[in-house]
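Hi everyone, thanks for coming. I'd like to walk you through one model today, so please have a look at it while I talk.

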Amino acid sequence: FWNDSENVDVTNLKGLGDNSQRTKNSQNKKTGHINQGDEYINIESDLHENKRASADDEQPRLKGHFEKKYDKVCEFYKRHKTRIHYVICGILMTVYSAVVIAACSLNFQRALPLFIITVIATLFICWDFLVAKYEDKIAAFLSPGEKYLKKQWFWLKWVLWAALIITVIYWLIFDTAKKGSRHLISFVGLVMYVLLMFIFSKYPTRVAWRPVLAGIGMQFILGLFILRTKVGFDAFNWLGIQIQTFLEYSDTGAEFVFGNKYKEHFFAFKVLPIVVFFSTVMSILYHTGFMQWLIRKIGWIMHIFMGTTPVESLVAAGNIFVGQTECPLLVQPYLPYVTKSELHAVMTAGFSSVAGSVLGAYISFGVSSSHLLAASVMSAPAALATSKLFWPETEKPLVTLASGLQMGKGDSKNLLEAASQGASTSIMMIANIAVNLISFLALLTFLDSALSWVGSLFDYPQLNFENICAYVFMPFSFMMGVDWEDCFIVAGLLGYKTFFNEFLAYERLSKLIHNREKGGSMYINGVKQYMTVHSEVIATYALCGFANFGSLGLVIGGLTSLAPSKKKEIAGGAFRAMVAGTVTCFMTACIAGMLVVPGLEVPCHILLENASNFTDFPANNTELVECCQHLFSSANHSEKIFPTGNYSLTSWKVCCQILGQPSFHCT
């Protein structure tokens, strides 16, 4: 308006040259001019009128009866908001406790999983409450012990090292005497992989051994609990069964969309809908904050025991549940400030595990759900150990626990939006899986045909990609503890996983598992049709990771978009991280080879058949002795001269050699 007034003044001065007009214009410098006619509008007067109108609108009006009551209720809620929340939580907890008590009183065995989950959740909630309220007092209470440990640590660490070495030696001696010598091969393989990572380390002289040994130790303890204790094995087996049951609910949506015959196209209409369903569930858990809470707890445990930084600990914990491209979103604000070693650890953790959504697809193939879950959990500390050995920390981390690390949150407003976002996100994932399988299988078929043609020129038409990979990876599979007869097959699976993807490898493994379950001849035209359960278990652990050349581009592109300033470091360390992720899976497979006990999951007739194929099974093997005693007991109570059932002549020969009984059946 000031500019308009000045323009009017210049025009009038030029046109009229009248002093009176000049005086009038000077008096109206705060007014606006409208060219239609000679009207002048006083802006200040309009502003005063608008203020008076708004003041009239702001005058209190009479409220109705219900409106007054509503305001009183709102005011009461604001004053007593905390107490109301406590009362509601108390009522809900009372109702839940009553339900748990009622279920346990009716049938405690049936309600045992609910009781265990309730106890664990209660302990975590109480721990969070105590830490939030009495953190300083707890730290002050524990500080004398911490100071004493720091003071005595120089000689105490040597005592711990000696105790650890003696324990491992004695355990190997007794376990070898009881289970057989093939478990020693897996132990030697584990030592070999650690030495190889140390030899080819980025900075061998700067390796900090605490995270390395603590990570391997946590991996071994987890494996010991899951594979050797009845409680751990039953817990993971139960959890695997529940996940299988849960994933079957995706059949309802698949059947509605694709019709009753959807299972005829098994992969497209049975397996891929599981990825959609699992992605939706994970998005809901992420929205509610449960996933962040669980990841924070697991990351805190690894941070305390291994001494790793919060960023890499959280990412390693998150990769148990989510994929290698989604997990760095948890710590996205801190990625520009991480060191090269931390960035390498973030990438290694992604390469050494698989996403929960595709884990459901592997389970639908027929691969053991309990072993897949165990592999995902065991690889988390192993990934940090391998990463810190292959690329030691040489810088001072900027992001520490004192920084107040905050985890990323979803942008969904409610549960329905979170579920919809999870389903929409899976579209790209299932499309990526489908197109990669189509292209890789077509490429593999062409490659096999070309290699077969080249081989036929030298009278070896059996030459194919699997055979080449088998010869390359056979030493690695043997050092993991795979039976020598199965090394060629497992090495081929490792080649599929490394050069293509783990989806293709697990699909091949599932065929071998189904062949074994069907029975039949083990060799057809000199080609082995299935493996032993021991080799299947090791292969399951060795394949459980995203470490392949296809994922290399995904990791570089995903992390670069989250931290553009680290583009050079990401590209420079990605290949080393892929190698570290591959070795992490191999180390997890070594632990499984050391600890797996076929008798826990294999029926007696299959266990005896497997024992007949090996000469290193000790005669005092507990599971074999129990199976043979059961076999002779059933034979003594049978009217048949030679009761067969599921047992073959080979099984009887094995039992006769183990027990050495001069029974009628042995003669």
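Let me start with a question: does Ala-375 count as buried or exposed? It counts as buried, because its relative accessibility is 0%. Just so we're clear, this is a predicted model, so keep that in mind for everything that follows.

Staying with that residue for a moment, Ala-375 sits in helix α16. Setting aside residues up to four places away in sequence, Ala-375 touches Tyr-541, Cys-544 and Thr-588. And here's a pair to find on your screen: the C-alpha atoms of Ala-375 and Ile-320 are 9.2 Å apart, with their positions 55 residues apart along the chain.

Okay, zooming out. The chain has 667 residues, and buried ones make up 40% of them. What you see in the picture is 26 helices and four strands. Now take the contacts between residues at least 6 apart in sequence: 73% of those join residues at least 24 apart.

Next up, helix α14, which runs over residues 340-351. How far apart are its end C-alpha atoms? They are 17 Å apart, and that agrees with the 16 Å you'd get for 12 residues at 1.5 Å a residue. The helix is largely enclosed by the rest of the structure, because 11 of its 12 residues are buried. Among the buried ones are Ser-341, Glu-342, His-344 and Phe-351. So what do the buried residues of α14 pack against? They pack against α13, α16, α22 and α23.

Two residues in that helix are worth clicking on. One is Thr-348, which lies in α14 and counts as buried because its relative accessibility is 0%. Leaving out residues up to four places away in sequence, Thr-348 touches Ala-383, Ser-387, Ala-577, Ala-580, Gly-581 and Thr-584. The other is Met-347, also buried in α14. Not counting neighbours within four places in sequence, Met-347 is in contact with Val-555, Leu-559, Ile-570, Gly-573, Ala-574 and Ala-577.

Met-347 brings us to the largest nonpolar core, which has 123 residues. Which of them touch the most other members? Those are Met-347, Met-480, Phe-503, Tyr-506 and Tyr-541. Helix α23 gives the largest share of this core, with 14 residues.

Tyr-506 turns up again if you look at Thr-540, which lies in helix α21. Thr-540 counts as buried because its relative accessible area is 4%, and the cut-off for buried is under 20%. With neighbours within four places in sequence left aside, Thr-540 is in contact with Val-367, His-371, Leu-372, Tyr-506 and Leu-509.

Now for some empty space. The second largest pocket has a volume of about 2,100 Å³. It is lined by 45 residues, and the ones nearest its centre are Ile-120, Phe-236, Leu-239, Leu-294 and Phe-321. What sort of residues line the second largest pocket? By class, there are 38 nonpolar, four polar and three charged residues in the lining. Several helices supply at least two lining residues each, including α6, α8, α11 and α12. Helix α9 provides the largest share, 10 residues.

Let's pick out Phe-321 from that lining. Phe-321 is in the loop between α13 and α14. If you skip residues up to four places away in sequence, Phe-321 touches Met-282, Met-291, Leu-294, Ile-295, Ile-298, Ala-355 and Gly-356. Leu-294 in that list is another of the residues nearest the pocket centre. Also, the C-alpha atoms of Phe-321 and Ser-357 are separated by 8.3 Å, with the two residues 36 apart along the chain.

Last stop, some exposed residues. Thr-445 lies in helix α17, and it counts as exposed because its relative accessibility is 51%, where the cut-off is over 50%. The C-alpha atoms of Thr-445 and Phe-465 are 9.2 Å apart, and the residues are 20 apart along the chain.

Then there's Asp-459, in the loop between α17 and α18. Asp-459 is exposed too, because its relative accessibility comes out at 72%. What's the phi of Asp-459? It is near 60°, a positive value in a residue other than glycine.

That's my tour, so let's hear your questions.

Key: Residues are numbered from 1 along each chain as its sequence is written. This is a predicted model: local features need pLDDT of at least 70, side-chain atom pairs count only at pLDDT 80 or more; totals for chains, interfaces and linings use all residues. Side-chain values use heavy atoms; hydrogens and water are left out. On a 1 Å grid over the protein atoms alone, a cavity is a set of points where a 1.4 Å probe fits but cannot get out, and a pocket is an open set with protein on both sides within 12 Å along at least five of seven lines; lining residues have an atom within 4 Å of a point. Grid points are joined across faces, edges and corners, and a volume is the space filled by probe spheres set on the points. Ala, Val, Leu, Ile, Met, Phe, Trp, Tyr, Cys and Pro count as nonpolar, Asp, Glu, Lys and Arg as charged, and the others, Gly among them, as polar. Buried means under 20% relative accessible area, exposed over 50%, partly exposed in between (1.4 Å probe, protein chains only). The expected span of a helix is 1.5 Å times one less than its number of residues. Contact means heavy atoms within 4.5 Å. A nonpolar core is a set of buried Ala, Val, Leu, Ile, Met, Phe, Trp, Tyr and Cys residues joined through side-chain atoms within 4.5 Å.
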